[in-house]
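Visitor: Before we look, could you take me through this model and justify each term you use as you go?
Guide: Gladly; here it is.

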Amino acid sequence: MTILKLAGISHHYFSKNGYTKALEDISFSLERGEFISILGPSGCGKSTILSIIARLLQHTSGDIFIHEVPIKESKEEIGYMLQQDYLFPWKTVLQNVLLGPKIQKREDEAIEDRANVLLQEVGLSNVKNQYPTELSGGMRQRAALVRTLMNNPEIFLLDEPFSSLDFQTKLKLEDLVATILNQYEKTTILVTHDIGEAIAMSDRIIMMEANPGRIVKIYDVPTELRAESPIVARKHDAFQPIFDTIWQELEKKEKSGEGI
Ligand SMILES: Nc1ncnc2c1ncn2[C@@H]1O[C@H](COP(=O)(O)OP(=O)(O)OP(=O)(O)O)[C@@H](O)[C@H]1O
Ligand SMILES: [Mg+2]
């Protein structure tokens with residue numbers, strides 16, 4: 001079943017001094033439970049795509065459908081996780097996680113149970129009554145993940161959520177996020193600059209170029225890698241060949257002045 005479909009999306013940012021053509025003719029779709037990554041140079045419009053899907057921006061032209069319903073008419077919840085966790089420092093981890101349901105007046109025992117189960121799954125039970133400033137970067141991102149999961153969105157958008165973490169924490173968190181999103185059958189788009197991360201986590205990889213932001217190629221990640229968790233996939237024999245292919249394509253772009 002197609003969960004999300006973008007058909008010929010273009011976007012212009014207008015300002016006093018003119019306009020920037022951020023996206024041109026972006027088309028792709030996602031099936032239920034699929035995980036895709038978007039790779040491309042800075043400024044090619046990756047975050048713009050996510051903001052449009054999250055309904056934070058109105059695109060200039062083209063169509064987007066969620067469950068075959070135009071995005072404007074769709075009530076579908078979209079989960080959005082960014083590089084910065086935006087946890088409230090004056091609230092504990094548990095209070096941060098329960099804030100969404102509280103604002104929506106959905107807070108009850110079942111919701112609190114769900115929060116506790118999710119916090120347990122990401123290994124934060126023992127710090128749930130602590131404040132974000134007392135946690136490491138990886139722990140904070142895990143809390144942000146639980147907060148996003150609380151609304152139970154079917155579509156998950158991740159904009160470089162691991163990029164501010166040290167390498168080891170990042171690998172562990174990639175594994176955890178992939179496992180949890182897979183377990184709950186979420187349909188996910190990850191924006192990243194990290195080729196290895198894109199390969200290890202995704203079913204497909206969309207490569208973009210800039211000025212204006214366009215899709216250059218869509219790569220299918222080999223089936224044997226998709227079946228593995230990111231840490232195992234990185235060590236698999238099939239990992240290096242696709243890494244080299246994507247690396248060479250990006251190098252070609254860099255030589256032609258469109259570098260990442
Ligand atoms: N609010 C805005 N107003 C005007 N132009 C913008 C705005 N936001 C982004 N742009 C421009 O649109 C283009 C795409 O930006 P976007 O942030 O989507 O790129 P990106 O691929 O996410 O880049 P990065 O990898 O650096 O995060 C860039 O040329 C950027 O300068
Ligand atoms: Mg961005």
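Visitor: Which helix gives the most to the shell around ligand 1, and how do you know that a residue belongs there?
Guide: In this predicted model, helix α1 gives the most to the shell around ligand 1, with three residues. A residue counts as near the ligand if its C-beta atom, placed from the backbone, lies within 6 Å of it, and the residues around ligand 1 include K46, S47 and T48, together with Y13, S15, T20 and A22. Strands β1 and β2, as well as α1 (46–53), each supply at least two residues of that shell.

Visitor: What makes residues of this shell polar, nonpolar or charged, and how many are there of each?
Guide: Gly counts as polar, whereas Ala, Tyr and Cys count as nonpolar and Lys as charged. On that basis the shell around ligand 1 divides into eight polar, three nonpolar and one charged residue.

Visitor: Why is the protein chain called as compact as a globular protein of its length?
Guide: The globule rule gives 18 Å for 260 residues, and the radius of gyration of the protein chain is 19 Å, close to that value, so the chain is as compact as a globular protein of that length. Its C-alpha trace spans about 55 × 45 × 40 Å along the principal axes, and the chain holds ten helices and ten strands.

Visitor: What makes a residue buried, and what percentage of the 260 residues are buried?
Guide: A residue is buried if 20 or more other C-beta atoms lie within 10 Å of its own, and residues that meet this condition make up 37% of the 260 in the protein chain. The largest nonpolar core has 64 residues, of which I53, V97, A143, V146, L157, I199 and I205 touch the most other members. Helix α5 (residues 137–150) gives the most to this core, with seven residues.

Visitor: Which residues is A143 in contact with, leaving aside its neighbours within four places in sequence?
Guide: Contact requires C-beta atoms within 7 Å, and, with those neighbours left aside, A143 is in contact with D85, L87, V93, N96, V97, L124 and P132.

Visitor: How do you know that β1 and β4 pair, and why are β2 and β5 called edge strands?
Guide: Pairing needs at least two bridges, and five bridges join β1 (residues 2–15) to β4 (residues 61–66), which run antiparallel; K5 has F65 as its bridge partner in β4. The open sheet has the order β2-β1-β4-β5, and β2 (18–31) and β5 (69–70) are its edge strands, each pairing on one side only.

Methods
Residues are numbered from 1 along each chain as its sequence is written. Chains are lettered from A and ligands numbered from 1 in the order in which they are written. This is a predicted model: local features need pLDDT of at least 70, side-chain atom pairs count only at pLDDT 80 or more; totals for chains, interfaces and linings use all residues. Helices (H or I, at least four residues) and strands (E, at least two) are DSSP runs, numbered from the N terminus. The radius of gyration is taken over C-alpha atoms; the globule rule is 2.2 Å times the number of residues to the power 0.38. A residue is buried if 20 or more other C-beta atoms lie within 10 Å of its own, exposed if 12 or fewer, and partly exposed in between; C-beta atoms are placed from the backbone. A nonpolar core is a set of buried Ala, Val, Leu, Ile, Met, Phe, Trp, Tyr and Cys residues joined through C-beta atoms within 7 Å. Two residues are in contact if their C-beta atoms, placed from the backbone, lie within 7 Å.
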